[in-house]
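Colleague: Please take me through one part of this model closely. I would like to look at a single sheet and its surroundings.

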Amino acid sequence: MVKEYTITGMSCAACSASVERAVKRITGVDAAFVNLSTEKLRVRSEADLTEEIVAAVKRAGFGAAPSESRKLQARIDDERHERELRSMRARLIVAAVFTVPLFYISMGTMVGLPSPVTADMPLAFALVQLALLIPVIAAGYGFYVRGFSNLLRLHPNMDSLIAVGTLASFGYSLYSLALIIRGDAHAAHALYFESVGVILTLVMLGKFLESKAKGRTTMALRSLVELSPDTATVVLADGSEKLVAADELLPGDVLLVRPGEAIPVDGVLTKGATSVDESMLTGESLPIDKASGDRVTGGSVNIGGAFEFTADKVGEDTTLSSIIRLVEAAQSEKMPIARLADKISGVFVPAVGVIALVAGAIWLIVGETFAMALRAFVSVLVIACPCALGLATPTAIMVGTGRGAKMGILIRDGESLETACRLSCMALDKTGTLTVGKPAVTDVIVYGGRSEEALLSRFASGESLSEHPLGRAIVKFADDMGIARDKADSFNAISGRGAIARVGGATLYMGNPAFMDDNAIEVGKQVRSDVERLSSEGKTPLLLAVDGEVMGLAAVSDTIRAEARDTVSRLKRMGIRCVLVTGDNENTARTIGALAGIDDIVSNVLPQDKGDIIDELRAQGNVVGMVGDGINDAVALSKADVAFSLDTGTDVAIAGASIVLMRSDLNGLPDSIALSRATMRTIKQNLFWAFAYNCVCIPIAAGLLHVFGGPMLSPMIAALAMSLSSVTVLLNALRLSGIKLSDGL
C-alpha cells in the first residue's frame, strides 16, 4: 500500500534527500519519495509503518504527520501554508526593521552620509551594530537550528551553508569587538555585523517569495479537490429530502441537484433534464445537455433545471477522484531528468563546503588578510545554496500537470510527460478514436420517384424493433429529422444478411443485395452500382424492399470525428508521423485515412498483432505513441513509449494509458505533446540556469575576479543572488500556467 505524509521543516533538495534516506532505512519500506514543492512524503510498504516513519523523520530533524482525507488535507495544508507565510512575513519585517539602520550605520559614513555613531567612536560603533543585529539573528534563528542539526547528522543542507557562513562572520566580528575593547581602534574596520544582518534578511526575503510562489504551483490540484461539494441532498423512499455529508453517500442513493449546485458524485440521471458545466473536468467550455438515462459526473456544475439522479460511483471511485489521483501520481513521480538533479544536489552541499574552505585557505596561504579569506569563505557558502536545483524540476511538473488537468489532459506519471516531448511517430486506432465509434446514416438514395421522407419513414418503421447497431442508426436518423414512423408488427433478423418486418400489412425486406437475391427480389444495375460505390467508400449500404420491390437504400458508416483531420495536420506540423492501425478492411481504412489526412495505413490487423506493429515502428528508430480506446488496443498501448486513451474508451484502455484525454476531443493529442514539450523546455531552462548560476558565481565568490585585479564579491551580494536564483526558477515554472500551446512547441 502507498501512504502519504506531510513533512514540515524542509528548505531545499538536501532536506528532501535526508528524509528519503531516513525512511528508506526502515525495515519493510519498499520505496519512499519526497516532493519538495508539495512537502509530501509517499511511502510504499506492505504494513502500516506510520509510527516508525514519523519517528525516523523526526530523528532526521523534520516533522511528519499522516495526510488526512484529500479535501481535509488540502484545507489543512492551505491553513498551515498561510500560518507559515504570516510567520515568515512577521520575521522578515523584524529583520528588515533592524537591518536597514544596521546597514546605514555601517556603510553610511563611507559615502558621506551623517550617522549618530561612526568608526571614529569604535566601541560605540561596534556595540550599536551588535545591538541591532541581535533581533535579526533572533528572527532568523530557524536557519541555525535546522542548519546545525543537519550538519551534526552529516547531511548538510542550504540552512547549514547559511548558518556556518553567517556564524563565521559573526564570530570574527565579535573577535574584532574584543580587540576594540582592548584598545585596538583599527579593528572597527573589520566588523561584519552588517553582512550577517543583510544576508539573513535577504535570504528570508527570498524564502518568503519562494513560499508564496510554491503555493501557486499547487493551485490547479487544490481547485480540483474543492470541486466536489461537502454535502448532498438525498431523496428518501417517502419522497422527503435529507442533507447528508458527501463522504457518507452510498451507491444507489437518489440525489437531488438544484440549479447552480455542484454534482456530488457520479451517477445516472433519472428525473428531469438540465445542462451541466463540465469544463473543470474535461476542458470543454460549452455546457452539456443531460436527459434521463445520461450519466452525470461528480464535480461538474448544474447550470440548468433541478434533477434527480441515482449514484453509482462514490468516494474514491468517482471520476473526479480518479482525476485527482492521476494528477497527484504524476506530480509525485520522479522523472529521469529529476533523478539526475537529485544526485547532483546530494553531493553539492558537501562539495560547496570543501570549496569554501579551500578558497579561504588559499587566500591565507598567498598572504591575504584573514578578513579577505573570511569574505571568500562566506560568499561561497551563501551564493551556492542549492534551492534552485531542488525546485527546478518538481515545480515545472506540478504547474505542467495542473495545466493539463484544467485542459482535460491527465498525465499519469512523470516519465510519460518527459517521453511525450520526443515522440516521432503516432499510431492511431480507427474505430472510436479517429471515428466516433457509433454508426450513423451518411447517404440516402431513393428509387422510383418516391420521396426521401417516405423512404425513411418505412425504413425506420421496419427497424423499430431491431437491436442491431445499423438498424438503430437508421431509426435515430429518422427520429432526428422528425419523420414519423410506425411500430413493426413483427420483426425477424437473419444474422449477417438482413431482416424481415411487417408494418401496416406490408412486408419489408431490409439488408444487403445478397439478402435480396435470397428472397427473389430484383436488384437493378443502378442499385448494384450504388452499392459498390458506397462500399468502396467504407460504408455499409442497406436496401429496403417493400412487397418485393426495392424502394431505396441507406448507407451507414462509423463517421470520422469532426476534429480528426485538424488533429492529424497539427501532429504532422509538429514533425510526428501518423500511422493508421486498424482491423478493418483496406477500403474502409483507406477511406478513413484519406478523410483524416493519413497516408501510412495498416489494415486487417488482428488485436493480438497490433503490438507487433508498434514493435516494428520502434525498430525503425521511432519514439512511438499509440492512441486507442478499446480492449483490442490494450497490447499495443502497453508496448508504446507513450499510450494515449480517450475517456470514452474501455476501462482496460484507460487503465493502460499513460495520458488520458478527458474531453473526448482528439485535439487533446497534439495539445498534450505541446504541453510536454513546453514543460520539458521549462525544466531544462531551470536546470540550465541553476547549474550556470553556480558555475559562474562560485568562482567569483571564491575571488577569481580579484586574482585579475577585480573586486571581491560581497557576501551581501551573494545572498541577494542566491535568493533571486530560486525565485527566478519558480517564476519561470509558473509561466507554464499561461503559456500558449501552439504547434511546434
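**The open sheet and its loops**

Modeller: Start at D547, which sits in the loop between β20 and β21. This is a predicted model, so keep that in mind as we go. D547 is not a glycine, yet its phi is positive, about 50°. Most residues other than glycine have a negative phi. Is D547 buried or exposed? D547 counts as exposed, because its relative accessibility is 55% and the cut-off for exposed is over 50%.

Now step back to the sheet. It is open and has six strands. Their order is β16-β21-β20-β19-β18-β17, and the pairing is antiparallel. Strands of a sheet pair through backbone hydrogen bonds. Which strands stand at the edges? They are β16 (435-446) and β17 (490-494). Each has a single partner strand, so one side of each is left without a neighbour in the sheet. From one strand to the next, the twist averages 20°.

Look at one pair inside that order. Strand β19 covers residues 506-511, and strand β20 covers residues 540-546. The two run antiparallel, and four bridges join them. What is the bridge partner of L508 in β20? The partner is V546.

A helix also belongs in this picture. Helix α17, residues 469-480, packs on the sheet. Helix α17 touches β16, β20 and β21 (549-560). The direction of α17 makes about 65° with that of β16.

Go next to another loop, the one between α18 (513-518) and α19 (525-536). A520 is found there. A520 has a positive phi too, about 55°, although A520 is not a glycine. How accessible is A520? Its relative accessibility is 73%, so A520 counts as exposed.

Finally, set this part against the whole chain. The chain has 27 helices and 26 strands. Of its 745 residues, 54% are buried. The exposed residues D547 and A520 are therefore not among that buried share, since buried means under 20% relative accessible area. Take the contacts between residues at least 6 apart in sequence: 69% of them join residues at least 24 apart. The accessible surface of the chain comes to about 31,600 Å². Carbon and sulfur atoms account for 58% of that surface.

Notes:
Residues numbered from 1 in each chain as written. Predicted model: local features only at pLDDT ≥ 70, side-chain atom pairs only at ≥ 80, totals over all residues. Heavy atoms only, no water. Buried < 20%, exposed > 50% of the residue type's maximum accessible area, 1.4 Å probe, protein only. Contact = heavy atoms within 4.5 Å. Areas by Shrake-Rupley, 256 points an atom, 1.4 Å probe, with all protein chains shown as cover. Pairing = 2+ DSSP bridges. Axes fitted to C-alpha atoms, helices over the stretch in contact; angles between N-to-C directions.
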